[in-house]
Amino acid sequence: MTHRTPAGLAGDAGIPSETGRPRAASVAGSGGVAGSGGVAGSRYVTSWVSGATNLFAMLVTAVLVGAALFLVAWLSPVLAPLGLGLFLAAIAAPLFTWLRERGSSAGIALSITVAVVAIGGVAVILLALTSAATLATSLATYSDELQARYATSGGIPATLRDLVPPEVLAGILRSVVDIVLEVGSSLAFAIVIAALLLLDGERLTRLVSSGLGSGNPVFRETPGLARAAITYMLVRIRVNIVTAASLLVLMLVLGVDNALLWAVGAFFLSFVPYLGLTLALIPPTILAFAESGPIAAAAIVVGGLVLNLVAENVLEPTLAGRALSLTTWVVFLMFFFWVWLLGPVGALLSMPITVMIVLTLQHNERTRWVAALLTRDEGEAAA
C-alpha cells in the first residue's frame with residue numbers, strides 16, 4: 001500500500017511521491033516555509049520567475065543596468081569631462097607609442113605627448129570660445145541675411161521656406177553657439193584629466209603587466225584591449241585628418257565664416273562613422289547659404305557627402321581592413337543614446353565608448369556572440 005505524504009513534509013526529506021520517485025525539495029503549500037532545498041522567500045517571488053533562473057538573472061541585470069544609467073545621467077556633469085579626458089588621452093596615446101618606436105626615451109616621449117595635449121587643447125578651447133563669441137554677435141546679421149535670401153531668391157529657397165523657415169536655421173546657429181561653449185568649458189577640465197592619465201599611464205601599465213589583478217579577467221585582458229583600442233583610434237585619426245583638412249579647403253574656397261572651427265568639429269565628430277560628418281556639415285551649410293546663396297550651400301553638402309563616402313568606404317577599409325566595423329544601427333543608436341545621456345559631449349564619446357564595449361565583449365568567450373551581433377565581418381563590410 002502506498003502512503004500519501006503531506007505536501008508540507010515532502011519537500012523536506014525527499015520522501016517518495018505516488019509515482020515512486022523522490023520529490024524535489026520544494027516550498028510548503030500555499031503559504032508554507034521554504035524547505036531546505038527550496039527557494040527561500042518564494043512567496044515574494046512568483047513561480048514563473050523563481051522557476052527560471054535565467055529569467056530571474058535577466059530581470060536583476062535589467063534593474064541594475066537601469067540604476068546604473070540613472071546614476072550616470074545624474075553624474076553627467078562630472079562624467080562627461082572625465083570621459084572627454086579619457087578620449088583625449090586615447091587620441092594622444094599613438095603619439096607616445098610612435099615616439100617610443102623612434103627611439104625616444106619614455107620621459108621625453110611622455111613630456112612631448114603631454115605638451116602636445118596641453119597646447120592643442122588650449123588652442124582648441126581658444127578657437128571654440130572666440131568663434132562662439134563671434135558667431136553669437138553675428139547671429140542677428142545671419143538671421144537678416146537668411147530672411148533676405150528667402151525673400152529675394154526663387155526656386156529651391158522658396159520651396160525650403162515651407163519646410164525649413166529661416167527662423168529655424170537661425171535657431172540652429174544659436175544652439176550651435178551653446179553647444180560650442182558647453183564643450184569648450186568641458187574641454188578645459190578634460191585636458192587636465194588627459195595630462196594626468198598620460199603621466200600616470202606608464203605606472204599603471206607596469207602594475208598590470210607585473211601581475212596586478214592577473215586573476216581578474218578584466219585586468220588580464222586590459223593590455224589586449226588597449227592595443228586594439230589604440231589601433232582603432234590611430235586609424236580613425238588618420239581618416240579624420242584627411243576628411244577635416246579637405247572640408248577646410250572647401251570651406252575656405254567658398255568663404256564660409258569660422259571655417260577652422262567647423263573643420264575641428266568635423267575631425268572630432270568623424271569618429272562617428274557616416275553620421276558624425278553629416279551633422280558637422282549643418283552649421284557651415286547654413287552659413288554658406290546665408291552668405292553666398294544656395295549654390296554655395298549645395299557645394300558644401302555635396303562635397304561633404306562625397307568626403308564622407310570616400311572616408312568610410314575607401315580610406316577606412318584601406319587603413320584598417322575593416323578590423324572592427326560596427327553595424328549601422330549600432331552607430332546610430334549609440335550616438336543618440338550617449339548624447340541623451342551625457343549631453344553634447346556624448347556626441348564625441350559615443351563611438352569610443354561603443355568601441356571599448358565591443359572590444360571587451362570580443363575578448364570574453366561568453367559574450368563574443370554579442371559582439372558578433374554588433375559588428376560586421378569582412379564579407380559584409382566589403383558588400
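Begin with the aromatic pairs of this predicted model, of which the structure holds 7; rings of Phe, Tyr and Trp (its six-membered ring) pair if their centres lie within 6.5 Å, and planes under 30 degrees apart count as stacked, over 60 as edge-to-face and the rest as tilted. Select Phe 87 and Phe 268, which make an edge-to-face pair with 6.4 Å from centre to centre and 65° between the planes. Phe 87 belongs to helix H4 (residues 76-101) and Phe 268 to helix H10 (residues 259-269), so this pair ties together parts that are 181 residues apart in sequence. Helices here are DSSP runs (H or I, at least four residues), numbered from the N terminus.

Before you leave these rings, note that Phe 87 is buried, at a relative accessible area of 3%, and that Phe 268 also counts as buried, at 17%. The words have fixed cut-offs: buried means under 20% relative accessible area, exposed means over 50%, and partly exposed is in between (1.4 Å probe, protein chains only). Now add Phe 267 to the selection: its ring centre is 5.1 Å from that of Phe 268 and the planes stand at 80°, so this pair is edge-to-face. Finally add Phe 271, since ring pairs link Phe 87, Phe 267, Phe 268 and Phe 271 into a cluster.

A word on reading the model: residues are numbered from 1 along each chain as its sequence is written, and side-chain values use heavy atoms, with hydrogens and water left out. Local features need pLDDT of at least 70 and side-chain atom pairs count only at pLDDT 80 or more, while totals for chains, interfaces and linings use all residues.

Next, select Ile 179, Val 180, Val 183, Gly 265 and Leu 269, which, of the 30 residues that line the second largest pocket, are the closest to its centre. This pocket holds about 790 Å³ of space. On a 1 Å grid over the protein atoms alone, a pocket is an open set of points with protein on both sides within 12 Å along at least five of seven lines, a cavity is a set of points where a 1.4 Å probe fits but cannot get out, and lining residues have an atom within 4 Å of a point. Among the helices that each supply at least two residues of the pocket lining are H4, helix H8 (166-209), H10 and helix H12 (282-292).

Colour H12 next. Of its 11 residues 8 are buried, so this helix is largely enclosed by the rest of the structure; the buried residues include Pro 283, Pro 284 and Phe 289. Just after H12 you will find Gly 293, with a positive phi of about 105°.

From there, go to Arg 236 and Glu 312, which form a salt bridge with the closest N and O atoms 3.0 Å apart. A salt bridge is a side-chain nitrogen of Lys or Arg within 4 Å of a carboxyl oxygen of Asp or Glu. The pair links distant parts of the chain, with Arg 236 in helix H9 (residues 217-254) and Glu 312 in helix H13, 76 residues apart. Which residues of this bridge are buried? Both Arg 236 and Glu 312 are. The whole structure has 2 salt bridges, and for the pair of Arg 102 and Glu 101 the closest N and O atoms are 3.9 Å apart; Arg 102 and Glu 101 are exposed.

Keep Glu 312 selected, because the second largest cavity comes next: Glu 312 is among its lining residues, together with Thr 243, Tyr 274 and Asn 308. The volume of this cavity is about 30 Å³, and the largest share of its lining, 3 residues, comes from H13. Tyr 274 deserves a second look: its place is in the loop between H10 and H11, and it has a positive phi of about 65° although it is not a glycine. Tyr 274 is partly exposed, with a relative accessible area of 25%.

Turn last to the surface of the model, and select Val 301, Val 302, Leu 305, Val 306, Val 310 and Val 314, which make a nonpolar surface patch of about 440 Å². Patches are made of residues with over 30% relative accessible area and no salt bridge, where like charges are joined within 9 Å and nonpolar side chains (Val, Leu, Ile, Met, Phe, Trp, Tyr) within 5 Å. Within this patch, Val 310 is found in helix H13 (residues 294-320) and is partly exposed, with a relative accessible area of 36%.

Terms used. Areas by Shrake-Rupley, 256 points an atom, 1.4 Å probe, with all protein chains shown as cover. Points joined across faces, edges and corners; volume = space filled by probe spheres on them.
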